[in-house]
Amino acid sequence: MDSFVEEVLLEHKDIVDICNRLGKELTADYQDKRPILVGLLKGSIPFLAELIKHIKCDLEIDFMQASSYEGTKSKGTVMVLKDLITPVIGRHLLIVEDIVDTGFTLQEVMNLLQDRGAASIEVVTLLDKPAGRKVDVTPKYIGKTIPNKFVIGFGLDYNEIYRNLDYVGVLKESVYKK
Ligand code: IMP
């Protein structure tokens, strides 16, 4: 195990299994709807890339970047740093997240996309940390529910590093509590 990791939560094969399960559900739910998968940058990239291999219907992808984090703490205010290119009016949107913690990011992004006239908006997230929730948002599709710990890997970062790990692990506190 890497020296900065306390505990591995998902091995790479577990992530592929999760994407396979979610892909089957999404294939059934989105047949003939041509959804737009809205990847929230940057953390959703590895998850979105694996997930779409398992969805067997027509779909589009686009990306948004919204930020509320500094280090390991949510600031509670969300800024849109990069917007979608595709018009969303009348379209079925599936927001792809790496992790839902306080829910601030999702709530803001969902409100924005609703105001633009999307036909439907649902959320698929690799990880859910319900103990961290500060607003009432519940992702419809969840890969794994995890305890309230700071995790890294498979897109998730600490100060922009560790996104390239092919697994998800809990970051040792000694790395950020100095
Ligand atoms: P929320 O707005 O608090 O729900 O946070 C969502 C975003 O915060 C995620 O897309 C991640 O980028 C980041 N985040 C939340 N928890 C963690 C974590 O444990 N590790 C790394 N990033 C996290």
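This report describes salt bridges in a predicted model, together with the parts of the chain that they join.

## Overview

A search of the whole structure finds 12 salt bridges. Three of these contacts are taken up below, including the pairs E60 with R34, D101 with K129, and E160 with R163.

## E60 and R34

The salt bridge between E60 and R34 brings their closest N and O atoms to 2.8 Å apart. Because E60 belongs to strand β3 (residues 60–70), while R34 sits in the loop between α1 (12–30) and β2 (36–41), the pair ties together parts that are 26 residues apart in sequence. R34 is partly exposed, and its relative accessible area is 48%.

## D101 and K129

In the salt bridge that D101 forms with K129, the closest N and O atoms are 3.9 Å apart. Here distant parts of the chain are linked, since D101 lies in the loop between β5 (92–100) and α3 (104–115), whereas K129 lies in the loop between β6 (120–128) and β7 (141–145), with the two positions 28 residues apart in sequence numbering. Both D101 and K129 are buried, which for each residue means a relative accessible area under 20%.

## E160, R163 and their network

The side chains of E160 and R163 meet in a salt bridge with an N to O distance of 2.8 Å. This contact belongs to a wider arrangement, in which salt bridges that share partners join K42, D157, E160 and R163 into one network. Within that network, E160 is partly exposed, with a relative accessible area of 44%.

Definitions and conventions. Residues are numbered from 1 along each chain as its sequence is written. This is a predicted model: local features need pLDDT of at least 70, side-chain atom pairs count only at pLDDT 80 or more; totals for chains, interfaces and linings use all residues. Side-chain values use heavy atoms; hydrogens and water are left out. A salt bridge is a side-chain nitrogen of Lys or Arg within 4 Å of a carboxyl oxygen of Asp or Glu. Helices (H or I, at least four residues) and strands (E, at least two) are DSSP runs, numbered from the N terminus. Buried means under 20% relative accessible area, exposed over 50%, partly exposed in between (1.4 Å probe, protein chains only).
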